[in-house]
2 protein chains.
Amino acid sequence: MANIQQVAEKAGVSVATVSRVLNHAASVSTKTRLKVENAIKELNYEPSMLGRNLRNSESRLLLVLLPSISNPFYTEIINGIQNTAIANSYNILLCETDSNPQRENIYFNMIKNKLADGVISMDPTVNRQKLTELAESHPVILCSEYDEGGSVPFVTIDSELAAYQAVKHLIRLGNKKIALINSDEKFLYARQRRSGYERALKEFDLPIREEWIYHTRDLEFQNGVQAMRMLLELEEKPTAVFAVSDTLAIGALKGINGSGLHVPNDLAIIGFDNISFSNMTNPTLTTVSQPMYKMGVTAANMLIMSIKGEQVESVVLDHDLIIRESTMG
Amino acid sequence: MANIQQVAEKAGVSVATVSRVLNHAASVSTKTRLKVENAIKELNYEPSMLGRNLRNSESRLLLVLLPSISNPFYTEIINGIQNTAIANSYNILLCETDSNPQRENIYFNMIKNKLADGVISMDPTVNRQKLTELAESHPVILCSEYDEGGSVPFVTIDSELAAYQAVKHLIRLGNKKIALINSDEKFLYARQRRSGYERALKEFDLPIREEWIYHTRDLEFQNGVQAMRMLLELEEKPTAVFAVSDTLAIGALKGINGSGLHVPNDLAIIGFDNISFSNMTNPTLTTVSQPMYKMGVTAANMLIMSIKGEQVESVVLDHDLIIRESTMG
DNA sequence: GTGAAAGCGCTAACAG
DNA sequence: CTGTTAGCGCTTTCAC
């Protein structure tokens, strides 16, 4: 691979001039530019980002941290991020942390090392302290999951309200025994969604029973299946289930299908996220839709502003309850 | 952010010594090392990969090109790649091309620019000529989709055989009218799977009817739904369907569920890929399992060997037919 | 309008 | 065992 030196020699100019041509600087005569452009073509030259980045100390790369790409929830967000990034001449680096602190460290170092200009974290398991520390000297945006009272800007939805509305929908359908399939309450969204669930129950004077609240280890389907099995073994079975993610809800659906009970006739289900698969299940899944693409766009725009040194404010976006077959009993 | 110079000053040594400590070179006295390590800690120093990479002309980053992260098929492959990469002190850069040549170009340039050391492409829509050209001077491995008769090493499965076996399974169950939901036959795997489908039919003297072969635009669920609707409108309806991807098969399942027909009693379905969803559908989906994790591991190992300058041979891995409810009529 | 030269942060050869 | 120094590829003053 040719370098700028060789191009300069071939064109019979200095490296400075080649650099000027590359960066579309004004002060190059047409004649010289043509010579340089020809040399570039002939040598099949491509400028090295490494040299450029070192010099400019910017990489035009954005890091996107996510716990796992297996949850389709992230797909649309990433599209939003990616399109916005590209529109601003940035590229994105998708980094799966698998909630592994060691991997996390690797990626944090990439930021510190100037291999990336900023980071959008969607990983709720991320080490908060380290992230906050990083955010003091580097652009960081949180997406979806965030830090209550923290200093790092975020974009998210009102999880408490969304959960409240979802559960209220179940109550209006006549359900009095409503279970919650929650993930680990170390996550803020899990605490918020539980809180919304409880607010709705309280408002309608329905009891909050611990045995109807199941906590899963993570958001894989299988956990939903397992949760549902447990709930169906109870003396007093719930007549409706609110799951904090579609993956869990779909697993729950599977668990019910295996039990001879029918959704929505015997049991109503609501999920959360509106992943594409939630419209493919049988029955289709009622769910809370987050504006995923918009979240991605917003997060990326915030990050890019932050990289430019501008101040950014956190954003709370709107959600929707998408009513489908699983609550049409 | 401190640089190596400042660390050297603080420690009262030369930058070379600091570099030695950073790279765990043997020839540093314990006393000096301690001094340097202290200085590093005090200054909160992190070496810049940019400087290092420029010097070493390596980035220890591997590019992974995929058309879209929305197909869960890629998830496990990526896990395999990622784990292998990390075990060899590489990191991966996930790049969604959306089958967009412009994005592709960006990523190819990253390779040329030494921002990444090599690339694994899983994108069947990738510009073959450009990729082959790139492969002449840079490490490139194809994963899953490959170039027949091309020079770029690949790891894949025997799609023709897998399709043949899947269709044969349907025939053995007594089906004589078997439809194929295929993707665009510009893709090699699509041509191969069709070929396997036809071989099985011929072997049992079953007719190959064009109206039972449906081509989709891409692999999104919705295309499967659409395909199934078309097939169910035929005068002579098929009694079984082989779809070349689970996403299509799941869509087809959805299409059937909406029609009042029953799987597997009225219609059997086989998919391809064994994505995690395929076990969550109702009924669960019979499918061809590709060794996705192993494919990822193999591809990554091949790429790393190739980066080291070693010769690598293409690999064809084994597949399995996973029999589930959708063919248990 | 163009060139010479410094320097971004780091490593490695060489010298001592 | 440690320091000096050149140089990776590029951009950007500063002269001319």
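**Two chains and a DNA strand: questions about a predicted model**

Author: In this predicted model, chain B and chain A bury about 4600 Å² between them, and carbon and sulfur atoms give 61% of that area. Among the contributors, B:Leu50, B:Ile69 and B:Met280 supply 16% of the area that chain B buries against chain A, more than any other three residues.

Reader: What makes a residue count as one of the contact residues between chain B and chain A, and how many are there on each side?

Author: Contact requires heavy atoms within 4.5 Å, and by that criterion 48 residues of chain B are in contact with 50 residues of chain A.

Reader: How do you know that the two copies are related as by a two-fold rotation axis?

Author: Chain B can be laid on chain A by a turn of 180° with a shift of 0.1 Å along the axis, and the RMSD is then 0.3 Å. The two copies are therefore related as by a two-fold rotation axis. The same surface serves both copies, since 100% of the contact residues of chain B recur in chain A.

Reader: Why is A:Tyr45 said to make a polar contact with DNA strand D?

Author: A polar contact is a pair of N or O atoms within 3.5 Å, and an N or O atom in the side chain of A:Tyr45 is 2.4 Å from a phosphate oxygen of DNA strand D, so the pair qualifies. For B:Ser14 a backbone N or O atom lies 3.0 Å from a phosphate oxygen of the strand, whereas a polar backbone atom of A:Gly51 is 3.2 Å from a base nitrogen. Two or more residues of the surface near DNA strand D come from each of helix 2 (15-22) and helix 4 (49-56) of chain A, and likewise from helix 2 (15-22) and helix 4 (49-56) of chain B.

Reader: What makes up the surface near DNA strand D?

Author: The strand is surrounded by 26 residues, with A:Ile4, A:Tyr45, A:Arg55, B:Arg20 and B:Thr32 the closest, and the surface divides into 9 nonpolar, 12 polar and 5 charged residues. On the DNA side, 58% of the strand's atoms within 4 Å of the protein belong to sugar or phosphate, the rest to bases.

Reader: How do you know that domain 2 and domain 3 of chain A are in contact?

Author: With the same cut-off of 4.5 Å, 13 residues of domain 2 of chain A are in contact with 19 residues of domain 3 of chain A. The area buried between these domains is about 1400 Å², and A:Ile157, A:Met292 and A:His319 supply 39% of what domain 2 buries against domain 3.

How values were computed:
Residues are numbered from 1 along each chain as its sequence is written. Chains are lettered from A and ligands numbered from 1 in the order in which they are written. This is a predicted model: local features need pLDDT of at least 70, side-chain atom pairs count only at pLDDT 80 or more; totals for chains, interfaces and linings use all residues. Side-chain values use heavy atoms; hydrogens and water are left out. A residue is near a molecule or strand if one of its heavy atoms lies within 4 Å of it. A polar contact is a pair of N or O atoms within 3.5 Å; within protein, one must be able to donate a hydrogen and the other to accept it, and residues adjacent in sequence count only if both atoms are side-chain atoms. Helices (H or I, at least four residues) and strands (E, at least two) are DSSP runs, numbered from the N terminus. Ala, Val, Leu, Ile, Met, Phe, Trp, Tyr, Cys and Pro count as nonpolar, Asp, Glu, Lys and Arg as charged, and the others, Gly among them, as polar. Copies are superposed by least squares on the C-alpha atoms of residues with pLDDT of at least 70 in both. Buried area is the accessible area (1.4 Å probe) that two parts lose on being put together, summed over both.
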